[in-house]
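Please find below my note on this structure, set out as numbered points. I would ask you to read it with the sequence and the coordinates open beside it.

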Amino acid sequence: MEIDSLTLWNMLPAKGGGFCNLSINLNTGESVTVFEGEHDTLKYQLEELEKFLGLKVTFNEDYNC
């Protein structure tokens, strides 16, 4: 009940290395990162992740410049 939403950032490698992180966004406005890994780690499992958690996951992708 304290979770507002989830955010998945997929940072593609450019000048820096790529990475992926999944954050929980709380109703208080705070955000907590619960997963970090290589880029594209969760990108292709986004739909399954939403179904499993029962929450909408906002997906963002950009280059790590």
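1. A definition is needed at the outset: a residue is called buried when its relative accessible area is under 20%. With that cut-off, six of the eight residues of S2 are buried, so this strand is largely enclosed by the rest of the structure. For the protein as a whole, 26% of the 65 residues count as buried. Please keep in mind throughout that this is a predicted model.

2. The secondary structure comes to one helix and four strands, and these elements follow the pattern β-β-β-α-β when read along the sequence. The C-alpha trace spans about 40 × 25 × 15 Å along its principal axes.

3. How are the strands ordered in the sheet? The four strands form an open sheet in the order S3-S2-S1-S4, and the pairing is mixed. Strand S3 (31-37) and strand S4 (57-64) each have a single partner strand and stand at the edges, so one side of each is left without a neighbour in the sheet. From one strand to the next, the twist averages 20°.

4. Strand S1, residues 3-13, pairs with strand S2, residues 19-26, in the antiparallel sense over eight bridges, and the two are joined by a hairpin through five residues. Within this pairing, threonine 7 stands opposite serine 23 in S2, while methionine 11 stands opposite phenylalanine 19 in S2.

5. On its way to S3, S2 again takes part in a hairpin, here with four residues between the strands, and glycine 29 in the turn has a positive phi of about 95°. S2 and S3 run antiparallel and are joined by six bridges; isoleucine 24 has valine 32 in S3 as its bridge partner.

6. Which strands does the helix lie across? Helix H1, residues 46-53, lies across S1, S2 and S4, and it runs at about 145° to S4. As for contacts across the sequence, among those between residues at least 6 apart, 43% join residues at least 24 apart.

7. Turning to the surface and the charges, the protein exposes about 4600 Å², of which carbon and sulfur atoms supply 53%. There are 4 positive and 11 negative side chains, and the centres of the two sets lie 8 Å apart.

Notes. Residues numbered from 1 in each chain as written. Predicted model: local features only at pLDDT ≥ 70, side-chain atom pairs only at ≥ 80, totals over all residues. Heavy atoms only, no water. Pairing = 2+ DSSP bridges. Axes fitted to C-alpha atoms, helices over the stretch in contact; angles between N-to-C directions. Contact = heavy atoms within 4.5 Å. Buried < 20%, exposed > 50% of the residue type's maximum accessible area, 1.4 Å probe, protein only. Areas by Shrake-Rupley, 256 points an atom, 1.4 Å probe, with all protein chains shown as cover. Lys, Arg positive; Asp, Glu negative; His and termini not counted. Charge placed at Lys NZ, Arg CZ, Asp CG, Glu CD.
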